[in-house]
Amino acid sequence: MIQIKGLTYFYPGQERPALQDIDLQIPSGQFCGVVGPNGAGKSTFCYALTGFVPHFFRGALQGEVKLGQISIADANLGKLAGEVGLVFQNPFNQISGARFTVREEIAFGLENLGLPRKIIERRVDETIDLIGLGELAERSPFALSGGQQQRVAIASVLAMQPKLLVLDEPTSQLDPQSTQDVFRILDKLAGRVGTTVVLVEQKLEWLAAFADRVIVLSHGHVSLDGQPQKILSDEKMEKFGIGQTQYSLAAAAAKKKKLVPKSRDFPITLKQAIEFFK
Amino acid sequence: MRGSTLFVPGQTVIHHLHPVTKLVITFLCLVLAGTLPSLPWLLTCFVVLLLPLAAIGRILRPFLLRSFAVIAPFVISLSVIQGFFTPGQTPLFHLGSFIFTFEGWLAGLTVAARILLALGGALLLMLSTRPDRLMLALTERGMPGSLAYVVLTAIQIFPRFQERAQVIQEAQQARGLEIHVNIFRRLGLLVPLMGPLVLSSIMDTEERAMALEARAFSRPGRKTSLLLLEDSVWQRIARWTIMVAALGLIVLSFWLKFAR
Amino acid sequence: MNDFRKEFTTFSVALIAVAIAINIGAGQIPRSVGLPLYLDSIGTVLVGVLVGPWAGALTGFLANTVWTVTGLFPQAIAWAGVAAIIGALAGAFGKAGWMKDWWRAGLAGLITGVVAAILSAPIAAYVFGGVTGNAGTDAIVAAWRAAGLDALFSNVAQGTMSDPLDKLVTYLIVWAVLMALPQRLKARFSGESVPAQKRSTPKKK
């Protein structure tokens with residue numbers, strides 16, 4: 001259970017806060033999507049959940065972020081690493097560089113955690129199966145494509161079995177096929193018990209398919225917060241410069257042209273769209 | 001690996017030797033290179049000690065090729081400079097007022113042989129040992145993990161920096177270099193060429209460090225290892241014996257030098 | 001000694017690795033502009049100036065180790081100590097605030113170059129029999145020997161012909177990079193070494 005109270009954060013030397021007065025609770029096991037226009041503070045929010053704000057970036061943090069019993073502000077980044085995991089956009093920068101095969105790369109974090117060899121071997125094998133990296137396991141992480149590297153990065157963090165997994169636009173630098181591969185992994189995670197997932201994404205259709213809940217950030221505030229169905233079909237999204245899923249847009253046009261009864265709910269996924277347009 | 005190390009994969013006895021055993025052999029070669037008195041001794045050691053080990057390790061060919069590549073420029077430079085400028089009695093030929101002597105040449109070749117033996121020992125180590133295994137052996141003996149990280153990561157990421165530099169180079173060549181451009185202008189060109197590369201690398205480093213933190217890199221406490229290094233009693237005995245012999249050689253050579 | 005521990009954060013360790021890669025990678029660019037420079041210490045000086053003398057020294061030392069271990073320049077390890085001193089010097093100049101003006105940065109480069117030449121020469125002279133193994137530099141050394149200098153001074157002479165210029169340009173490039181460093185990154189490094197600047201703060205996501 002993640003508790004955020006009055007979270008306000010200033011990067012060093014900045015007068016405007018990147019995050020303002022955020023109050024949130026994220027129940028354990030929830031798959032939470034985060035959207036917002038550029039500059040809204042989405043990345044900063046990710047960093048606040050995982051301790052990089054304030055420990056890595058310094059700056060001024062007010063309010064409280066608690067992960068279960070752990071207060072992020074009081075914790076130590078090194079010790080937090082087993083509890084939280086962060087995946088970000090650039091695949092190449094997430095390959096540690098200190099290991100020569102994918103298998104060893106995935107084991108790297110577990111070695112740092114000081115786990116016994118047998119456990120490391122087991123977890124690495126399980127993670128390789130889960131993410132589908134079997135064919136790549138003995139190859140060098142540097143001989144992989146961006147999409148493959150990103151899957152290795154996710155695997156490397158997942159193997160540490162964090163209670164909270166945060167992904168900051170993990171597919172924005174990937175080609176469509178790799179994007180699909182990553183979302184397939186997230187699909188598996190969505191069903192998993194125990195891992196809370198926070199996903200920042202611009203590809204709203206995907207969020208709609210997995211998320212239990214969507215939070216809209218704008219100018220460092222939480223602007224909207226609720227079920228994906230409501231939020232993503234909400235016309236107010238335009239105001240935040242986000243836009244809606246392509247299905248909602250098509251549906252809006254259809255409603256305008258009176259092709260479809262007004263009462264029908266806006267679709268946000270392909271399945272719903274098919275129903276809508278029947 | 002992307003061929004950015006000397007390591008030649010294999011399953012031979014030499015490959016399976018513990019990295020520190022091979023380090024000790026490298027150290028022995030270094031000591032021999034420094035203490036053996038003359039060219040015949042040095043060459044004999046190289047042939048009798050290193051070549052058989054390389055052969056057992058099935059790396060004889062790369063070993064010879066690399067040794068040659070390393071030593072050839074030294075042989076040339078040393079022959080020329082010591083041949084002409086180290087005093088000797090037997091002139092072989094002259095160039096203007098400079099006399100090339102046999103003794104000078106011999107002195108030059110002797111230095112080259114010392115370099116050959118010393119670097120040969122290091123080459124044997126590098127060709128038969130994967131760098132991460134070498135680093136693991138050292139961290140098990142107390143070397144900080146960050147050093148191991150720096151060496152291994154630098155080895156793996158530098159090709160990408162070379163590629164980026166290559167792109168910059170080609171763009172520059174496409175723009176064409178005016179041959180009569182002032183040298184100051186050329187120096188000035190360096191900043192917009194190299195600046196962005198360096199700057200973006202610093203910014204990427206922030207993400208890189210974050211990824212490391214996410215992998216518990218700065219976690220206090222003991223770290224474990226997936227890799228298991230093979231060792232044996234015999235190797236341990238061999239290592240101590242060789243170290244004692246090497247140190248004995250050092251003492252002996254100092255004593256011989258100063259007891260005259 | 002507290003400074004020693006302070007210098008080795010996760011970020012600076014990652015920076016050292018990247019700096020070594022810069023040393024190796026960026027060296028080819030000057031030649032594409034037709035300049036006979038190596039610029040293979042840019043990373044070392046960068047770390048020294050940004051992080052501190054201990055980190056700079058370690059960068060230099062490990063950079064030479066990597067040159068050897070990769071087989072790119074096997075004899076490099078012999079000069080690892082000199083490389084460490086270059087890094088430490090960069091740290092000293094950084095802490096002394098010399099990187100705030102381009103001309104003091106350039107002067108720091110010249111001084112570093114001279115020191116490097118003087119310290120490298122004995123290694124060439126006494127370990128490698130008076131040569132470096134590089135055809136170009138050895139030709140120059142031979143010329144100085146022909147002019148009557150002994151092994152040591154020929155290497156010093158050759159060194160002072162190239163090192164000061166090389167380090168001068170290196171320091172100027174590092175200075176330019178520091179000038180362009182975004183405010184947020186500057187906040188990571190100590191106040192004295194990095195030149196202060198009024199910049200508009202960049203927007204964050």
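Guide: Let's start with a definition: buried area is the accessible area, with a 1.4 Å probe, that two parts lose on being put together, summed over both. The model here is predicted. By that yardstick, chain B and chain C bury about 5,100 Å² between them, with 81% of that area on carbon and sulfur atoms.

Visitor: What makes up the side of chain B that touches chain C, in terms of nonpolar, polar and charged residues?

Guide: That side splits into 39 nonpolar residues, 15 polar ones and five charged ones. Helix 4 (60–85), helix 5 (102–128), helix 7 (145–175) and helix 8 (183–214) of chain B each give two or more residues to it. Helix 8 of chain B gives the most, with 21 residues. As for area, Met194(B), Ile202(B) and Glu206(B) lose the most to chain C, together 13% of what the chain B side buries.

Visitor: How many residues are in contact there, and how many salt bridges go with them?

Guide: Counting heavy atoms within 4.5 Å as contact, 59 residues of chain B meet 58 residues of chain C. The salt-bridge rule finds zero across that interface, and three residue pairs are in polar contact.

Visitor: Over to chain A and chain B. How many salt bridges does the rule find there?

Guide: Two of them cross that interface. There are also 19 residue pairs in polar contact between chain A and chain B.

Visitor: Why is the meeting of Arg215(B) and Glu105(A) called a salt bridge?

Guide: The rule wants a side-chain nitrogen of Lys or Arg within 4 Å of a carboxyl oxygen of Asp or Glu. Arg215(B) and Glu105(A) come to 3.1 Å, N to O. That value is within the 4 Å cut-off, so the pair qualifies.

Visitor: Which helix of chain A supplies the largest share of the side that touches chain B?

Guide: Helix 5 of chain A does, with nine residues. Helices 3 (77–80), 4 (91–94), 5 (102–112), 6 (117–131) and 7 (146–158) of chain A each supply at least two. The contact as a whole takes 43 residues from chain A and 34 residues from chain B. It buries about 3,600 Å², 60% of it on carbon and sulfur atoms. Asn93(A), Phe100(A) and Asn112(A) lose the most area on the chain A side, together 21% of what that side buries.

Visitor: Now into chain A itself. Why is Ser71(A) called buried?

Guide: Buried means under 20% relative accessible area. Ser71(A) has 19%, so the label fits. Across chain A, 59% of the 278 residues count as buried.

Visitor: Where is Ser71(A), and what does it contact?

Guide: Ser71(A) is in strand 5 of chain A. Setting aside its neighbours within four places in sequence, Ser71(A) is in contact with Val65(A) and Lys66(A).

Visitor: What makes strand 5 of chain A an edge strand?

Guide: The strand belongs to an open, antiparallel sheet of four strands in the order 2-1-4-5. Strand 2 (19–26) and strand 5 (70–71) of chain A each have a single partner strand, so one side of each is left without a neighbour in the sheet.

Visitor: How do you know that strand 1 and strand 4 of chain A really pair?

Guide: Pairing needs at least two bridges. Strand 1 (residues 2–10) and strand 4 (residues 60–67) are joined by seven and run antiparallel, so they pair. Within that pairing, Tyr9(A) stands opposite Leu61(A).

Key
Residues are numbered from 1 along each chain as its sequence is written. Chains are lettered from A and ligands numbered from 1 in the order in which they are written. This is a predicted model: local features need pLDDT of at least 70, side-chain atom pairs count only at pLDDT 80 or more; totals for chains, interfaces and linings use all residues. Side-chain values use heavy atoms; hydrogens and water are left out. A polar contact is a pair of N or O atoms within 3.5 Å; within protein, one must be able to donate a hydrogen and the other to accept it, and residues adjacent in sequence count only if both atoms are side-chain atoms. Buried means under 20% relative accessible area, exposed over 50%, partly exposed in between (1.4 Å probe, protein chains only). Ala, Val, Leu, Ile, Met, Phe, Trp, Tyr, Cys and Pro count as nonpolar, Asp, Glu, Lys and Arg as charged, and the others, Gly among them, as polar.
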